[in-house]
Amino acid sequence: MGLRRSGKSSIQKVVFHKMSPNETLFLESTNKICREDVSNSSFVNFQIWDFPGQIDFFDPTFDYEMIFRGTGALIFVIDSQDDYMEALARLHLTVTRAYKVNTDINFEVFIHKVDGLSDDHKIETQRDVHQRANDDLADAGLEKIHLSFYLTSIYDHSIFEAFSKVVQKLIPQLPTLENLLNIFISNSGIEKAFLFDVVSKIYIATDSTPVDMQTYELCCDMIDVVIDISCIYGLKEDGAGTPYDKESTAIIKLNNTTVLYLKEVTKFLALVCFVREESFERKGLIDYNFHCFRKAIHEVFEVRMKVVKSRKVQNRLQKKKGATPNGTPRVLL
């Protein structure tokens with residue numbers, strides 16, 4: 001959600017449709033609610049609802065309670081290069097109404113289009129937006145509502161990292177995945193590891209060591225290189241097969257004695273690791289530990305699939321009784 005021309009549709013196209021940022025300049029303004037299923041993997045499985053900025057969805061003709069009831073995260077996009085006082089007023093109205101309907105929503109604020117600002121201006125804008133938004137909530141007696149703030153731009157990897165943080169909050173298995181990654185890197189001599197959704201380049205989990213932006217950017221670039229080369233050379237002569245499968249693996253040696261190592265985990269997920277050259281000499285140990293890690297990830301998937309199946313059965317029973325099942329988790333943009 002957000003005001004008109006704040007960049008909502010551009011974010012969705014760049015992150016989930018691999019559109020070039022320059023092409024978003026030709027996108028028409030959204031004039032109706034756009035709903036899209038995002039099911040790139042078993043973990044990244046939700047709907048995105050893109051709301052036009054000019055529509056007043058608190059109008060009596062809109063059932064805003066239905067919109068917010070099944071929502072997992074609400075992303076409010078603010079144009080940092082414009083006067084954001086009106087946007088802050090709309091943010092406050094949206095958050096307070098949504099919280100009354102659903103107290104479990106994660107409220108995420110993207111301070112967007114920061115590519116045109118200096119580093120000092122970025123920090124000052126984030127501090128100002130953070131202060132004003134939280135002051136408005138405090139004045140309304142709603143200090144318990146937590147807002148998360150991100151500086152984003154479609155012209156660098158900041159939008160992918162911000163979306164990664166949003167999606168991770170919606171994954172109930174996140175602590176399990178982080179724990180598995182911590183065990184894997186500590187027993188393999190690995191510096192850093194990410195579990196990536198290959199299509200969107202969102203990382204759905206990483207180990208407990210801090211995330212460095214340059215490291216994340218290198219991982220994204222590696223995924224692009226692997227997929228692009230596989231599309232050219234990895235398909236059969238008749239074009240059959242997929243560019244990314246269980247045999248997919250890649251090794252890139254950097255000029256700073258670091259090795260990037262990519263391995264397929266599932267048909268949607270890839271593990272990307274940073275390894276020192278001297279540690280990579282024990283590649284057999286790393287591959288054995290990866291085999292154990294991959295097996296554990298598949299077990300997590302199996303448990304989740306059983307839970308999903310049982311919920312579907314419960315929903316069918318509820319429908320027979322005339323009850324309304326819970327909605328699909330949604331991200332409002």
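So, disulfides: how many does a search of the whole structure find? Zero. Keep in mind that this is a predicted model, so everything I say today is about that prediction. And for anyone who wants the chemistry, a disulfide is a covalent bond between the sulfur atoms of two cysteines.

Take Cys-292 as an example. Cys-292 is in no disulfide, and the nearest cysteine sulfur belongs to Cys-273, 14 Å away. The cut-off for a disulfide is 2.5 Å between the sulfurs. Cys-292 counts as partly exposed, because its relative accessibility is 35%. Another cysteine you can look up is Cys-34, which also counts as partly exposed, this time because its relative accessibility comes to 31%.

Okay, salt bridges next. The count here is 13, and I'd like to walk you through a few of them.

Start with Asp-224, over in helix H7. Asp-224 forms a salt bridge with Lys-18, and the closest N and O atoms are 3.9 Å apart. Where does Lys-18 sit? Lys-18 is in the loop between helix H1, residues 8-17, and strand E1, residues 34-39. That puts the two partners 206 residues apart, so this pair links distant parts of the chain. As for its surroundings, Lys-18 is partly exposed, because its relative accessible area is 48%.

Now stay on Asp-224, please. Lys-201 forms a salt bridge with Asp-224 as well, with the closest N and O atoms 3.0 Å apart. Lys-201 lies in the loop between E6 and E7 while Asp-224 is in helix H7, so the pair ties together parts that are 23 residues apart in sequence. Is Lys-201 buried or exposed? Lys-201 counts as buried, because its relative accessibility is 11% and the cut-off for buried is under 20%. Put these bridges together and you get one network: Lys-18, Lys-201 and Asp-224 are joined by salt bridges that share partners.

One more bridge, and then I'll move on. The side chains of Asp-207 and Lys-192 meet in a salt bridge, at 3.4 Å from N to O. Asp-207 is in the loop between strand E7, residues 202-206, and H7, whereas Lys-192 is in strand E6, residues 190-197. The partners are 15 residues apart, and this pair too links distant parts of the chain. What about burial? Asp-207 is buried, because its relative accessible area is 3%, and Lys-192 counts as buried because its relative accessibility is 7%.

Back to helix H7 for a moment, which covers residues 213-233. Met-213 has its place in this helix and counts as partly exposed, because its relative accessibility is 24%. If you look from Met-213 to Ile-185, 28 residues apart along the chain, their C-alpha atoms are separated by 19 Å.

Helix H7 also holds Val-225. Val-225 is partly exposed, because its relative accessible area is 41%. Which residues form the nonpolar patch on the surface? Val-225, Ile-229, Ile-232 and Tyr-233 do, with about 450 Å² of accessible area together.

And finally, there's a patch of charge. Lys-306, Lys-309, Lys-312 and Arg-316 form a positive surface patch. Arg-316 lies in helix H9, which runs over residues 283-321. Arg-316 counts as exposed, because its relative accessibility is 53% and the cut-off for exposed is over 50%.

Key
Residues are numbered from 1 along each chain as its sequence is written. This is a predicted model: local features need pLDDT of at least 70, side-chain atom pairs count only at pLDDT 80 or more; totals for chains, interfaces and linings use all residues. Side-chain values use heavy atoms; hydrogens and water are left out. Patches are made of residues with over 30% relative accessible area and no salt bridge: like charges are joined within 9 Å, nonpolar side chains (Val, Leu, Ile, Met, Phe, Trp, Tyr) within 5 Å. Accessible areas come from the Shrake-Rupley method with a 1.4 Å probe; for residues, only the protein chains shown count as cover. A salt bridge is a side-chain nitrogen of Lys or Arg within 4 Å of a carboxyl oxygen of Asp or Glu. Lys and Arg count as positive and Asp and Glu as negative; His and the chain ends are not counted. The place of a charge is taken as NZ of Lys, CZ of Arg, CG of Asp or CD of Glu. Helices (H or I, at least four residues) and strands (E, at least two) are DSSP runs, numbered from the N terminus. Buried means under 20% relative accessible area, exposed over 50%, partly exposed in between (1.4 Å probe, protein chains only).
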